[in-house]
Amino acid sequence: MELVSLFVGLTFVNNVVLSKFYAICPLLGVSKKPKNALNMGYAVTFVIFLASIITYLLYYYVLTPLEITYLDLITFILVIASLVQFVEMFLKKTSPEIYKSMGVYLPLITTNCAVLGVALDNISAGYTLIEAMVAGLAVPIGFTIVIYVFATIRERLDIASVPESFKGTPIALITAGIMACAIAGIAGLV
Amino acid sequence: MKKFDIFKKGLFAENPIFVLLLGLCSSLAITTSLTNAIGMGMAVICVLLMSNFIISLLRKIIPNEIRIPVFIVIIATLVKCVQMIMNAYTPELYESLGVFIPLIVVNCIILGRAESFASKNGVLDSILDALGMGLGYTLAVVIISFFRELIGTGGLSLYNPFDASQVIFQVSFFSDYAISLFTQPAGAFMTLGTILAFIQFLKVRKANKAKKAEVK
């Protein structure tokens, strides 16, 4: 039961994108077509889920016994970078189309704050391995939902008549602000 | 004069947040108060300065194929140093910035400058570039946090980062009418959106003026 509330909490109430500002770059960059947004979401889900398990195990079974926890940042970022490289190679071989449409944003998953952020949060919140796995699944699902909804809204914004000063990124940020209001509203319900 | 241009472009023409839209995650998250913004700005300047310096020194040694992992390891080491120093000397600031200090590692500004400037230019130019970009970042987060703190709490305050009990200044204008939404995430998005819209407005007006002058 606690795991369920952790899952729902991280997916909606404390949605990382709208309440912690992780992963704003891909949110503004990739989310112009809903289909690309979904593909990005899948790739990020895969990376975050694996990264949160591997970094958790490394931290508690390698870094802590050796008393070199100050190397956590370097270890985590290397794990993440190699996972992203793996996803990139996998996509290049299996579906070149998706690979092409994601362009530069695929290698940029490495510098997606959400990946490193979840790994660090798992440690600082003192989660168990199971909780870390749930967090590693809930956070990217929340990210995928937000980026997909955001992409569909932006598609409609393209044909709306927006004041010239607000065209492009400004209106996108205001939209994100309104979505953050909605998410904050859910927090009041729970 | 050219050296000064390298420094100046980071402040205005290529401001990392307002123009290049890099490093938005941290700039939205930590701009709840002026003190946080200035502290974060200093941390980013330190990391950027050292990473640009080291990478421009090593630019001929680092093999091209694995340059990104090498850059990231260098940056992660520097960020960890800054994090430990802040934990020791500015504990309150360390506490309130929280996870966003280690997240400087994945701040696109640092890696972006390493890739697009420090790996191609000399040491002095890279240091100037880092100073300009770092100050540009600080300027941007100070502007955002100025509006967020003013509207969100109705006043402005600044604490000594090394000793939080020491208040540098604290003023209150309309705290009864503060809109607390602006200290929350939603307010951050809207503040940055409005500032960007204002910049776009200035650009459009400038372009229109230039067009009119041409017609005449």
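**Chain B, elements.** I looked up the secondary structure of chain B in this predicted model. I noted eight helices and two strands for chain B. I then read their order from the N terminus, which is α-α-α-α-α-α-α-β-β-α. In that order, the two strands follow one another and a helix comes after them.

**Chain B, overall form.** I next checked how compact chain B is. Its radius of gyration is 19 Å, and the globule rule gives 17 Å for 216 residues; the two values are close, so I entered chain B as being as compact as a globular protein of that length. I also took the box filled by the C-alpha atoms of chain B, which is roughly 65 × 60 × 30 Å along the principal axes.

**Chain B, burial and contacts.** I looked up the share of buried residues and found 43% of the 216 residues in chain B. For contacts in chain B with a separation of 6 or more, I noted that 76% are between residues 24 or more positions apart.

**Contact between the chains.** How many residues does each chain bring to the contact? I entered 33 residues from chain A and 31 residues from chain B. On the side of chain A that touches chain B, the elements giving two or more residues are α2 (16-20), α3 (24-30), α5 (72-94), α7 (113-124) and α9 (169-189) of chain A. I marked α9(A) as the element that gives the most to this side, with nine residues. Last, I sorted the residues on this side of chain A by kind: 22 are nonpolar, eight polar and three charged.

How values were computed:
Residues numbered from 1 in each chain as written. Chains lettered and ligands numbered in written order. Predicted model: local features only at pLDDT ≥ 70, side-chain atom pairs only at ≥ 80, totals over all residues. Contact = placed C-beta atoms within 7 Å. Helix = DSSP H or I, 4+ residues; strand = E, 2+ residues; numbered from the N terminus. Nonpolar A, V, L, I, M, F, W, Y, C, P; charged D, E, K, R; others polar. Rg over C-alpha atoms; globule rule 2.2 N^0.38 Å. Buried ≥ 20, exposed ≤ 12 C-beta atoms within 10 Å, placed from the backbone.
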